[in-house]
Amino acid sequence: MRITVRVPATSANLGPGFDCFGLALDLCNEVTVDTEAEPGVSWEGEGADELPTDGSDMVSRAIASTVERQGRHHPDARVPLFSLHGLNRIPLERGLGSSSAAAVAGVAIARTLLGPAGGSEDLHTTFAYAAELEGHPDNAASAAYGGLTVFAPGSGFVLRLDPHPDLDPVVLVPVGLRLATGDARRVLPAMVNRVDAVFNIGHAALAVVALTQDPPLLLVALHDRLHEDARLASIPEARDLLDELRRRREVPSCVSGAGPSLLAFEREGHTVGDLPHGWRAIRPGVRAKGVEVLVED
């Protein structure tokens with residue numbers, strides 16, 4: 001059996017939707033498992049020279065965890081017994097959900113290998129397993145479902161919405177700067193001011209309307225008081241660029257996930273323009289689909 005899984009990059013938070021909102025981007029990693037090929041793990045593309053090849057990577061761990069969770073002992077689900085090759089297009093540690101994409105890919109591969117006895121092709125199960133393993137349900141939701149997703153902490157409920165067709169995202173990626181999500185989270189305050197919480201509630205509600213019905217509202221909606229300032233304090237290059245974009249009031253912008261990348265939405269006649277040295281722009285488009293699985297017997 002040859003299984004190829006395609007999983008999109010994701011931008012979480014989207015300004016005020018801290019730990020809840022996610023948007024799938026049409027920039028996908030592909031992982032191929034071949035049960036008849038020589039066993040081993042290999043990578044190409046982003047992170048190819050640094051990702052482990054001993055089965056300790058997130059994809060392989062997600063496969064093993066899913067098999068164990070299903071209470072099965074399928075030999076094909078143990079990495080040493082098949083070939084796993086990853087083609088990575090999502091930059092690592094740039095706030096684009098690379099680890100969530102890996103977790104979703106591994107869960108989808110394992111559930112496909114296990115077959116019907118391993119569970120139905122239920123996206124919520126794939127999302128839930130990946131979110132528990134990787135720890136970021138906002139990213140995992142949009143990676144699994146595609147489109148715009150809203151995750152409700154506590155209930156575990158995920159709502160998928162169709163993004164407005166006019167959305168034109170551009171991801172601004174610092175070339176030499178990376179930030180692990182754990183490091184970015186440690187700088188966040190344990191408690192928040194009620195005024196700031198109310199600010200985010202109102203802007204998050206606006207953001208859902210803007211992203212699905214009225215994109216011009218994004219100029220108002222994409223503002224936050226819970227996480228962006230704390231994170232940007234440690235990445236002044238991103239803070240300066242975001243401040244400049246917001247001063248111009250032409251292109252709605254926010255921190256992508258935990259950063260250091262930024263997410264902006266261009267429209268006709270209004271673009272991010274020339275970027276400072278050390279930044280590159282990726283224009284992936286919005287992806288309606290989430291994880292895709294292709295099986296060849």
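Is Ser100 buried or exposed? Ser100 is buried, with a relative accessible area of just 1%. Keep that residue in mind; we'll come back to it after a look at the whole chain.

## The whole chain

First, a caution: what you're looking at is a predicted model. The chain contains nine helices and 11 strands. Its radius of gyration is 19 Å, close to the 19 Å that the globule rule gives for 297 residues, so the chain is as compact as a globular protein of that length. If you drew a box around the C-alpha atoms along the principal axes, that box would be roughly 55 × 40 × 35 Å.

How much of the chain is buried? Of its 297 residues, 52% count as buried. Now take the contacts with a separation of 6 or more: 74% of these join residues that sit 24 or more positions apart.

## Surface and charge

The chain exposes about 13,100 Å², and 52% of that area comes from carbon and sulfur atoms. As for charge, there are 26 positive and 40 negative side chains. The centres of those two sets lie 4 Å apart.

## Helix 4, wrapped up

Let's zoom in on helix 4, which covers residues 137–145. Eight of its nine residues are buried, so helix 4 is largely enclosed by the rest of the structure. Those buried residues are Asp138, Asn139, Ala140, Ala141, Ser142, Ala143, Ala144 and Tyr145.

What covers them? The cover includes strand 1 (2–12), strand 2 (21–34), helix 2 (98–114) and helix 3 (123–134). Strand 5 and strand 6 (157–161) are also part of it. Just after helix 4 comes Gly146, which takes a positive phi of about 80°.

## Two neighbours of helix 4

Back to Ser100, which is found in helix 2. Leaving out residues up to four places away in sequence, Ser100 touches Glu134, His136, Asn139 and Ala140. Two of those names should ring a bell: Asn139 and Ala140 are among the buried residues of helix 4. With Glu134, the link is a polar contact of 2.8 Å between the two side chains.

Thr149 is another one to click on. You'll find Thr149 in strand 5 (residues 148–152). Thr149 is buried, and its relative accessible area is 0%. Which backbone atom does the side chain of Thr149 reach? The answer is the backbone nitrogen of Ser142, at 3.3 Å. Not counting residues up to four places away in sequence, Thr149 also touches Asp138 and Ala141, and its other contacts include Cys20, Phe21, Gly22, Val158, Leu159 and Arg160.

## Ser253 and a cis bond

Now jump to strand 8 (residues 253–255), where Ser253 lies. Ser253 is buried, with a relative accessible area of 3%. A polar atom of its side chain lies 2.9 Å from the backbone oxygen of Val251. Beyond the residues up to four places away in sequence, Ser253 touches Leu222, Leu242, Leu245, Arg246, Leu263 and Ala264.

Ser253 and Leu14 are 239 residues apart along the chain, yet their C-alpha atoms are separated by 8.7 Å.

Follow the chain onward from strand 8 and you get to Pro260, in the loop between strand 8 and strand 9 (262–265). The peptide bond from Gly259 to Pro260 is cis, with omega near 5°. Most residues other than glycine have a negative phi, and most peptide bonds are trans.

## Two positive phi values in one loop

That general pattern for phi is worth remembering in the loop between strand 1 and strand 2, where Asn13 has its place. What is the phi of Asn13? Asn13 has a positive phi of about 75°, although it is not a glycine. Asn13 counts as buried, at 3% relative accessibility.

Asp19 also has its place in the loop between strand 1 and strand 2. Phi of Asp19 is near 65°, again a positive value in a residue other than glycine. What about exposure? At 24% relative accessibility, Asp19 counts as partly exposed, because buried means under 20%.

Methods: Residues numbered from 1 in each chain as written. Predicted model: local features only at pLDDT ≥ 70, side-chain atom pairs only at ≥ 80, totals over all residues. Heavy atoms only, no water. Helix = DSSP H or I, 4+ residues; strand = E, 2+ residues; numbered from the N terminus. Rg over C-alpha atoms; globule rule 2.2 N^0.38 Å. Buried < 20%, exposed > 50% of the residue type's maximum accessible area, 1.4 Å probe, protein only. Contact = heavy atoms within 4.5 Å. Areas by Shrake-Rupley, 256 points an atom, 1.4 Å probe, with all protein chains shown as cover. Lys, Arg positive; Asp, Glu negative; His and termini not counted. Charge placed at Lys NZ, Arg CZ, Asp CG, Glu CD. Polar contact = N/O pair within 3.5 Å; in protein donor to acceptor, adjacent residues only side chain to side chain.
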